[in-house]
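Work through the exercises below with the sequence and the model side by side, and try each task before you read its solution.

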Amino acid sequence: VPVEQKGLANAQSVLDWTKQMQATGALASTFSELVVMGCSAGSIGAQLWGKQVVSALKWQRAAVVPDSYAGIFPEGSTGPLMYNFGFCSSGFLSEVLLAKCLAKELTIEEMDLEFMAATPTVPYTFIQSKVDVVQRSFFRAIAFTGNYSDNAMSPAIFYDDVSTLFGSYNTHLDNFLVYLVDGHNHCYTPRETFYLTDATSPWDNGKGSDGIMLHDWTAQLPLRNGASISTVCAGEVKPTQGLQTPLQMPSNDSNAYCSSSIVPKTFKERY
């Protein structure tokens, strides 16, 4: 029996209700702060809904915080997935993206590039472990169930793919930033590790790093006018390695570097 997805309708109902409450005075007509945040699948939700939410509501300061899902999928899988989930009829897509969706060719990267560019004063501040074990597991699950050939997803290849994807965002978008954490942890914002995480470990509590803690970095959001926030990464800055197969993996720790396509990066708020 086919499963009918209701998440889009439910979320839109909440957004419509909130917009109505602002209009009638039941809620503040303009929110002082607005943050769209989600972890794991909710990270994808934050990426897809961020533009919709900040465009529908009135606010003074806003930010989008996708936690722990970069959007690395087997090549050629996201188009069919979004088509089969009915996302093409969501109303979120421009004519160009809709045509790609209907052709089963739409990617997360293409959507994010358009959605983030539409709200340039709203920072999209990703939180991402370099070798997130859950994201790698979902990659393999989709690869096997969809019979995609590229089902190998080593930690080094995953981080290389994340660096390539985030490098694309960073090249095209001033409002993209990321806090990268060494290790395989999945999800930070709803867990106690949120208060222990620095760029070197989810449990380091600042002992091995003199950089800003994750909770302090996130607490800056949403930014005041004129304030700035920077991408965070621990490790040697060097080009993305361009790995394709496990056989290409170097013998040294290939997951500790910071891609020069991502760092350094600073965003200054200008409302």
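**Exercise 1. Find the residue of β4 that is the bridge partner of F126, and place the pair in its sheet.**

Solution. In this predicted model, the bridge partner that F126 has in β4 is V178. The strand to look at next is β3, residues 124–129, which is joined to β4 by 6 bridges, the two strands running parallel. Widening the view, one comes to an open sheet of 4 strands, in which the order is β1-β2-β3-β4 and the pairing is parallel. The edges of this sheet are formed by β1 (31–39) and β4 (176–181), each of which pairs on one side only. Between neighbouring strands of the sheet the turn is 15° on average, with direction ignored.

**Exercise 2. Work out how the axes of α1 and α2 are arranged, and which residues make the contact.**

Solution. Begin with the geometry: helix α1 covers residues 7–24 and helix α2 residues 41–56, and their axes come within 10 Å and cross at roughly 20°. Because angles under 35 degrees count as roughly parallel, α1 is described as roughly parallel to α2. The handedness of this crossing is right-handed. Turning to the side of α1, the contact is made by L8, A11, Q12, L15 and K19, while α2 contributes W49, Q52, V53 and A56. Sorted by class, the residues of this contact are 6 nonpolar, 2 polar and 1 charged.

**Exercise 3. Carry out the analysis for α5 and α7, giving the angle at which they pack and the distance between their axes.**

Solution. Helix α5 spans residues 108–118 and helix α7 spans residues 155–172; they pack at an angle of about 25°, and their axes are 11 Å apart. This angle makes α5 roughly parallel to α7. The crossing of α5 and α7 is right-handed. From α5, the residues I108, E109, D112, L113 and M116 meet L165, S168, Y169 and H172 of α7. The residues of the contact of α5 with α7 fall into 5 nonpolar, 2 polar and 2 charged.

**Exercise 4. Locate the cis peptide bonds that join L221 to P222 and V263 to P264, and consider the backbone of S68.**

Solution. As a point of reference, most residues other than glycine have a negative phi, and most peptide bonds are trans. The bond between L221 and P222 is cis, with an omega of about -10°, and P222 lies in the loop between α8 (214–219) and β5 (228–230). The peptide bond from V263 to P264 is also cis, with omega near -5°, and P264 is placed in the loop between β7 (258–259) and β8 (266–268). S68, although it is not a glycine, has a positive phi of about 70°; this serine is found in the loop between β2 (59–67) and α3 (78–84).

**Exercise 5. Decide how the radius of gyration of the chain compares with what the globule rule gives for 271 residues.**

Solution. Start with the inventory of the chain, which has 8 helices and 8 strands. Its radius of gyration is 19 Å, close to the 18 Å that the globule rule gives for 271 residues, so the chain is as compact as a globular protein of that length. Finally, taken along the principal axes, the C-alpha atoms fill a box of roughly 60 × 50 × 30 Å.

Notes:
Residues are numbered from 1 along each chain as its sequence is written. This is a predicted model: local features need pLDDT of at least 70, side-chain atom pairs count only at pLDDT 80 or more; totals for chains, interfaces and linings use all residues. Side-chain values use heavy atoms; hydrogens and water are left out. Axes are lines fitted to C-alpha atoms, for helices over the stretch in contact, and angles run from 0 to 180 degrees between N-to-C directions. Angles under 35 degrees count as roughly parallel, over 145 as roughly antiparallel, 65 to 115 as roughly perpendicular and the rest as oblique. A crossing is left-handed if the near helix is turned anticlockwise from the far one by less than a right angle, and right-handed if clockwise. Contact means heavy atoms within 4.5 Å. Ala, Val, Leu, Ile, Met, Phe, Trp, Tyr, Cys and Pro count as nonpolar, Asp, Glu, Lys and Arg as charged, and the others, Gly among them, as polar. Two strands pair if DSSP finds at least two bridges between them. The radius of gyration is taken over C-alpha atoms; the globule rule is 2.2 Å times the number of residues to the power 0.38.
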